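Biologist: Please take a close look at the enclosed space inside this chain, and tell me which residues line the largest cavity.

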Amino acid sequence: MILLGGIPSESSSAMVRAGLDELGIPYVVFHQRRSDTAAIEMEIAGGEVRGWLELDGERHRLEDFTGVYLRVMDDQLLPELEDEPPGSPRRRRFRALHDTLARWGELCPARVVNRLAATMSNSSKPYQSQLIRAQGFSVPETLITNDPERVLAFRARHGRIIYKSMSGVRSIVQTFEDGDLERLERLRFCPTQFQQFLEGTNVRVHTVGEKVFASAVATTATDYRYARQQVGEAAVLTATEIASDVASRCVALARALGLAFAGVDLKITPEGEVYCFEVNPTPAFSYYESNTGQPIALEVARYLAGEVPA
């Protein structure tokens with residue numbers, strides 16, 4: 001039995017569900033927005049994790065789940081809690097439910113995509129960059145600072161630079177322009193990550209266990225996810241092949257981070273150099289699958305079902 005956790009209508013979750021349907025694999029869904037109808041109890045005894053999960057009045061033994069796909073949002077931001085005051089009994093119940101589910105996901109012997117601890121490296125871009133280097137990838141020269149003078153010197157050395165958040169919170173990658181000089185003093189109150197801009201082709205590599213799916217991205221935008229906003233037209237994504245050694249390094253990197261499923265962001269320069277920007281531990285892969293036709297969701301479903309090597 002497979003457990004799917006999150007918002008079922010969210011595109012990536014819906015695609016994994018469709019993949020399980022295609023394979024004929026049984027599953028149940030923990031719908032976060034129906035947390036009022038869910039309950040969980042867990043115990044650890046004799047080295048085993050046991051308990052039950054109740055969904056819409058039906059109880060399921062935790063021991064019966066062999067695969068778990070957790071793509072959950074912050075429970076405290078659920079629309080159902082919008083009118084609840086901080087610390088209300090309902091908010092505390094939702095938090096306890098999600099916290100117990102996450103703890104079980106860390107301890108259970110099932111295939112979990114992905115365990116919470118393994119996703120934490122992306123909460124600190126500088127820390128994750130060190131892990132990326134350790135797996136043999138180059139990373140762009142990076143400056144993290146709140147000193148405007150150091151930014152100016154960094155720009156003078158590289159010519160074109162970009163900036164983005166150094167945390168795991170999504171931010172739009174921007175090119176540092178002359179117009180940004182007017183607000184550079186604000187940097188003193190918010191340390192920011194700057195990197196040299198690299199010419200080349202963006203490639204998103206999804207790894208599912210040992211399987212690799214690569215998507216090449218064609219756009220003039222700095223951040224291809226927001227290409228329409230930045231340059232007026234969407235990026236063009238196509239399925240592509242990457243060198244076998246690069247593919248192997250992507251698999252090794254995901255494995256080193258403890259990720260069964262990962263989105264590895266690369267840039268390949270005109271000279272063939274490969275740089276890695278970061279690794280997304282909860283990739284919203286539907287954008288790539290919808291544009292390239294690659295069967296990423298089906299492979300995730302196969303992984304959860306134990307049909308492919310871990």
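Modeller: Leu4, Gly5, Gly6, Ile7, Pro8, Ser13, Ala14, Arg17, Val29 and Tyr69 line the largest cavity, where a cavity is a set of points, on a 1 Å grid over the protein atoms alone, at which a 1.4 Å probe fits but cannot get out, and lining residues have an atom within 4 Å of a point. The model is a predicted one, in which local features need pLDDT of at least 70 and side-chain atom pairs count only at pLDDT 80 or more, while totals for chains, interfaces and linings use all residues. Residues are numbered from 1 along each chain as its sequence is written, and side-chain values use heavy atoms, with hydrogens and water left out.

Two elements, β1 (2–6) and α1 (11–23), each supply at least two residues of this lining; helices (H or I, at least four residues) and strands (E, at least two) are DSSP runs numbered from the N terminus. The lining of the largest cavity divides into six nonpolar, three polar and one charged residue, with Ala, Val, Leu, Ile, Met, Phe, Trp, Tyr, Cys and Pro counted as nonpolar, Asp, Glu, Lys and Arg as charged, and the others, Gly among them, as polar. The space in the largest cavity comes to about 70 Å³, a volume being the space filled by probe spheres set on the points, which are joined across faces, edges and corners. By this rule there are three cavities of 30 Å³ or more.

Tyr69, which belongs to the lining of the largest cavity, also appears around the second largest, together with Leu70, Arg71, Val113, Asn114, Phe261, Pro281, Thr282 and Pro283. This second largest cavity holds about 50 Å³ of space, and strand β6 (residues 67–71) gives the most to its lining, with three residues. Here the lining residues divide into six nonpolar, two polar and one charged.

Phe261 of that second lining leads on to strand β15 (residues 261–268), which has seven of its eight residues buried, that is, under 20% relative accessible area with a 1.4 Å probe and protein chains only. β15 runs antiparallel to strand β12 (residues 201–208), joined by eight bridges, where two strands pair if DSSP finds at least two bridges between them; Arg204 stands opposite Asp265 of β15. With strand β16 (residues 274–280), β15 pairs in the antiparallel sense over six bridges, and Ile268 stands opposite Val274. Five residues separate β15 and β16 in this hairpin, and Gly272 in the turn has a positive phi of about 90°.

How values were computed
Buried means under 20% relative accessible area, exposed over 50%, partly exposed in between (1.4 Å probe, protein chains only). On a 1 Å grid over the protein atoms alone, a cavity is a set of points where a 1.4 Å probe fits but cannot get out, and a pocket is an open set with protein on both sides within 12 Å along at least five of seven lines; lining residues have an atom within 4 Å of a point.
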